[in-house]
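Here's a quick walk through the strands, the salt bridges, the largest pocket and a surface patch. Have the model open while you read.

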Amino acid sequence: SRRRRVLDWVITLAVAAAFVLAFEVEIAQPFRVPTSSMEPTLLCARPTEGCTATFNDRVIVAKIIYRFRDPRRGEIAVFTAPAVAKRRCTEGGTYLKRVIGIPGDVVSERAGFFYVNGRKLSEPYLTLDYRNAVTHTWPKLGPKQYFVMGDNRIGSCDSRTWGPVPRSAFIGPVVATYWPPTRWTLR
């Protein structure tokens, strides 16, 4: 009957919607790259200042991964920014940055190059165009504290400005870029 078919469609759509919502809440979630702080690794669209692309990159964040392990040095992670970030960077909310320092590390910068515990950090994803010329050493990271930075060191407001990110603030690592299609990448 017509009524039975309508009910079947309603139930099917409701189950599909519930599955998608549960997947996004528990497993993975898409995010849009809104600023130039991760250029040239992840791109944002002009005319936003510092952006070089026509379209913003869109990424998938695997939320479930951080339920089983901690953030790792070198991976790009999404996290809820500390409250001080909003005061110092004019924006708060959800940030996307590269993990540079993990608990117990001492992060330092010498003329734009970064060192972790005195060893120069290999950063093949950066060119000199995106580095600044600062020299500074930050306090040793405590338990469950992480030092994060954007790949665009000149145009990123990050742990150098507002300090470490607590472990509890991390949402998940970026595992793929899915938009635009020409930028499709697994990480």
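Four strands make up an open sheet in the order S7-S6-S5-S8, with antiparallel pairing. Its edges are strand S7 (119–120) and strand S8 (136–137), each of which pairs on one side only. Strands here are DSSP runs of E with at least two residues, numbered from the N terminus, and two of them pair if DSSP finds at least two bridges between them. Strand S6 (residues 113–116) and S7 are joined by two bridges in the antiparallel sense, and Val116 has Arg119 in S7 as its bridge partner.

Before going further, some bookkeeping: this is a predicted model, so local features need pLDDT of at least 70 and side-chain atom pairs count only at pLDDT 80 or more, while totals for chains, interfaces and linings use all residues. Residues are numbered from 1 along each chain as its sequence is written, and side-chain values use heavy atoms, with hydrogens and water left out.

**Around S11**

Now over to strand S11, which covers residues 170–179. Which strands does S11 pair with? Strand S2 (residues 58–62) pairs with S11 in the antiparallel sense over four bridges. Strand S3 (residues 76–80) runs antiparallel to S11 too, joined by three bridges. Strand S12 (residues 185–186) is also antiparallel to S11, with two bridges. S11 and S12 form a hairpin, with five residues between them.

If you want specific contacts to click on, Ile60 has Ala176 in S11 as its bridge partner, and Val61 is matched with Val174 in S11. From the S3 side, Ala77 has Pro173 in S11 as its bridge partner. At the hairpin, Thr177 is matched with Thr185 in S12. S2 also pairs with S1, again antiparallel, over five bridges; there, Ala28 has Ala62 in S2 as its bridge partner. As a general point, side chains in a regular strand alternate between the two faces of the sheet.

**Salt bridges**

How many salt bridges does the structure hold? There are eight, counting a side-chain nitrogen of Lys or Arg within 4 Å of a carboxyl oxygen of Asp or Glu. Here are three of them.

| Pair | Closest N and O atoms |
|---|---|
| Asp57 and Arg183 | 2.7 Å |
| Arg69 and Glu75 | 2.9 Å |
| Arg167 and Asp70 | 2.7 Å |

Take the salt bridge between Asp57 and Arg183. This pair links distant parts of the chain: Asp57 sits in the loop between S1 and S2, Arg183 in the loop between S11 and S12, and they are 126 residues apart. Is Asp57 buried or exposed? Asp57 counts as buried because its relative accessible area is 0%, and the cut-offs are under 20% for buried, over 50% for exposed and partly exposed in between (1.4 Å probe, protein chains only). Arg183 has 23% relative accessibility, so this residue counts as partly exposed.

Arg69 forms a salt bridge with Glu75, and Glu75 counts as buried at 15% relative accessibility.

Arg167 and Asp70 form another salt bridge. They also link distant parts of the chain, 97 residues apart: Arg167 is in the loop between strand S10 (165–166) and S11, and Asp70 is in the loop between S2 and S3. Arg167 is buried at 13% relative accessibility, whereas Asp70 is partly exposed, with a relative accessible area of 41%. Elsewhere, salt bridges that share partners join Glu123, Arg131 and Arg153 into one network.

**The largest pocket**

The largest pocket holds about 370 Å³ of space. Pockets come from a 1 Å grid over the protein atoms alone: a pocket is an open set of points where a 1.4 Å probe fits, with protein on both sides within 12 Å along at least five of seven lines, and lining residues have an atom within 4 Å of a point. The volume is the space filled by probe spheres set on the points, with grid points joined across faces, edges and corners.

Of the 19 lining residues, Pro34, Thr35, Glu91, Thr94 and Tyr95 are the closest to the centre. Strand S1 (28–32) and strand S4 (94–101) are the elements that give two or more residues to the lining. S4 provides the largest share, with four residues.

**A nonpolar patch**

Finally, Phe55, Tyr178, Trp179, Trp184 and Leu186 form a nonpolar patch on the surface, with about 580 Å² of accessible area together. Areas come from the Shrake-Rupley method with a 1.4 Å probe, and for residues only the protein chains shown count as cover. Patch members have over 30% relative accessible area and no salt bridge; nonpolar side chains (Val, Leu, Ile, Met, Phe, Trp, Tyr) are joined within 5 Å, and like charges within 9 Å. Tyr178, which lies in S11, is partly exposed, with a relative accessible area of 33%.
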